[in-house]
Amino acid sequence: MDYLIGTDIGTSGTKSILMNTKGELIAQDLEEYDVLTPHPLWAEQWPDVWLKAVKDSIRKTVAKSKVNPTDIKGIGISGLYGGSGIPVDEKMEPVRPALIWMDRRAAEETEWVKQNVNTNRLREITGNDVVDPYYGYTKVLWIKNHEPENWQRTKLFLPPNNYVIYKLTGKVSIDYSAAGNIGGFYDINKGTWSKEMMDAMGVPVDKMPEKFVDATEIAGLITKEAAQELGVPAGTPVIAGGIDVGAANIGMGVFQPGRYVAAIGSSMNAALVSEEPIKGKGLIVWPYPYKSRQLVYNFSGSATAGAITKWFRDNFGLLEKGVQESGGDNAYVTLGKEAHNVPAGSRGLVVLPYFMGERAPVWNSNAKGLIFGLSLVHTKADIFHAFQEAVCYALRHSIESTGRNLGDYIVIAGGVTNSPDWVQMFADVTGYAVRTPIDDAEANLGDVMLAGLATGTLTVDEVQKWQVLGKKVEPRRAQHEVYNRYYQLYRNLYNDLGDDMKELSELTNIQ
């Protein structure tokens, strides 16, 4: 039996899984860590934290599996959107921590780009409509402007998974999806760096890796030194699975355009795979990990999707948390049970889930959270139910932003799928049937599949036979008709309150 490893470097932890070529999970390991937040709205990480977590999780997974290491045919490594990427010096050592996706410090750089760069050309070249601190290129400009000594020392910017692959194989490259997610430097039409855009922003092209790799192309082979640390043979092939949400789509069996997948955890990444970039809709666009020169990943999604229900639990579910800590049911399960009989529309409540501003498709740092319609008749269960509905409304907004018909079903993955009521709510609000993954291993599963394709251990036909999704949950017509009216109110509330939200930001000096 042949085996493959899938490793995903996440924001708060790195997970590895080992599977056989029948699609059976043999062993797994998770290594956790914290994000560094030295100032408000800053978020960064030293890359050696990621490297250690990768080494530890692979070594422990191999040990747990008890398989013969010589039967491990490949390792796929995906990673979080690493924002700026890791600035490394001539010796390929980190100059400073990477500014990760949630870092918002590049506000001045964002405004500079809007004023000094032809944004029409930026859209034509990169496929992205919006200039925002979310994108990696604005974070690179922040380092250039605010840390000139580090800028001078920096030879290259490497995304997290590509940095780790270099450390394990000695080969420098960047996968197309990670390059595209940097944003303003990447030409999505030509599949290479845009000298025009980089010149316009004063960034030398040689600050970016020269070699591009597809996720089904071997990026390097494990060195003898790394082999001893990982417990796998030297020469084991490694592939770059790209940005983890794209790898998660692969793990859901998406190898053709037209399928829509929403991964919902603390935030939401909801995306449609297509052959051409969807421009003019405020979506974030970058190459898909599979067939990166032919397929693109168009995504949006609430910045605080699952995070708002966690906020509710932590502030208003203290009783439920206490029961959980005493050995009882999970607090979310208890809150869900309490909300089970709440009708569609939560007895006249609408929540706007913009608790930390909002990214695509809203793109408004001033956007605010809102609970609308409160009265003395409402209960905690009603409000929790409305918070769940808000995430569903946000998904519907993202779906409508694609301007496409999404076929007979959409896929929803992540922690929300642990609640059957919530899954049904997603179907009722969006009007689409919903399928969810059988196992919680989306990005890692995609890494395994991509490693199998790159090494010839698996074919697309073989992995598409793996049973990764459960049965469809169909929308209910009566509930969908009710939600159509509530959803329109949801959209109207944001449009009506936009100026008030901006004024509130100015009053509280929070941008």
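Biologist: Let's start with helix H10. Which strands does H10 lie across?
Modeller: Helix H10, residues 244–251, lies across S1, S5 and strand S14 (237–243). Its direction is at about 105 degrees to that of S14. Keep in mind that this is a predicted model.

Biologist: OK, and what order do the strands of that open sheet come in?
Modeller: The order is S3-S2-S1-S5-S14-S13, so to speak from one side to the other, for 6 strands with mixed pairing.

Biologist: Which strands sit at the edges?
Modeller: Strand S3 (25–32) and strand S13 (218–221) do, and each of them pairs on one side only.

Biologist: How are neighbouring strands turned against each other?
Modeller: By 20 degrees on average, ignoring direction.

Biologist: Zoom in on S1 and S2. In what sense do they pair?
Modeller: Antiparallel, over 7 bridges, with S1 covering residues 3–9 and S2 covering residues 13–20. For instance, tyrosine 3 stands opposite asparagine 20 in S2.

Biologist: And what holds strands together in general?
Modeller: Strands of a sheet pair through backbone hydrogen bonds, parallel or antiparallel.

Biologist: Which strands does helix H1 touch?
Modeller: Helix H1 (residues 47–65) packs on the sheet and touches S1, S2, S3 and strand S5 (72–79). The direction of H1 makes about 150 degrees with that of S3.

Biologist: Back to the edge strand S13. What does alanine 219 touch?
Modeller: Alanine 219 lies in strand S13. Leaving out residues up to four places away in sequence, alanine 219 touches Ile165, Lys171, Ser173, Val238, Ile239 and Ala240.

Biologist: Is alanine 219 buried or exposed?
Modeller: Buried, because its relative accessibility is 5% and the cut-off for buried is under 20%.

Biologist: How far is alanine 219 from alanine 390?
Modeller: They are 41 Å apart in space, C-alpha to C-alpha, and 171 residues apart in sequence.

Biologist: New topic: rings! How many aromatic pairs are there?
Modeller: A search of the whole structure gives 31 aromatic pairs. One of them is tyrosine 288 with tyrosine 297, which is stacked because the ring planes are at 10 degrees, with the centres 6.3 Å apart. Both of these tyrosines are buried.

Biologist: What about tryptophan 311 and phenylalanine 355?
Modeller: That pair is edge-to-face, with 5.2 Å centre to centre and 75 degrees between the planes. Tryptophan 311 lies in helix H11 (residues 305–316) and phenylalanine 355 in the loop between strand S19 (350–353) and strand S20 (369–372), so the pair ties together parts 44 residues apart in sequence. Tryptophan 311 is partly exposed, at 34% relative accessible area, and phenylalanine 355 is partly exposed too, at 27%.

Biologist: Which residues form an aromatic cluster?
Modeller: Tyr81, Tyr134, Tyr135, Tyr137, Phe185 and Trp363 form one.

Biologist: Where does the charged end of arginine 105 sit?
Modeller: Over the ring of tryptophan 142, 4.6 Å from the ring centre. Arginine 259 lies over the face of tyrosine 409, at 3.7 Å from the ring centre.

Biologist: Last one: at what angle do H11 and H12 pack?
Modeller: At about 85 degrees, with the axes of H11 and helix H12 (residues 318–325) 6 Å apart. The two helices are therefore roughly perpendicular to each other.

Biologist: Which residues meet there?
Modeller: From H11, Arg313, Asp314, Asn315 and Phe316; from H12, Leu318, Glu320 and Lys321.

Methods: Residues numbered from 1 in each chain as written. Predicted model: local features only at pLDDT ≥ 70, side-chain atom pairs only at ≥ 80, totals over all residues. Heavy atoms only, no water. Pairing = 2+ DSSP bridges. Helix = DSSP H or I, 4+ residues; strand = E, 2+ residues; numbered from the N terminus. Axes fitted to C-alpha atoms, helices over the stretch in contact; angles between N-to-C directions. Contact = heavy atoms within 4.5 Å. Phe/Tyr/Trp six-rings, centres within 6.5 Å; stacked < 30°, edge-to-face > 60°. Buried < 20%, exposed > 50% of the residue type's maximum accessible area, 1.4 Å probe, protein only. Lys NZ or Arg CZ within 6 Å of the ring centre and 35° of its normal. Parallel < 35°, antiparallel > 145°, perpendicular 65-115°, else oblique.
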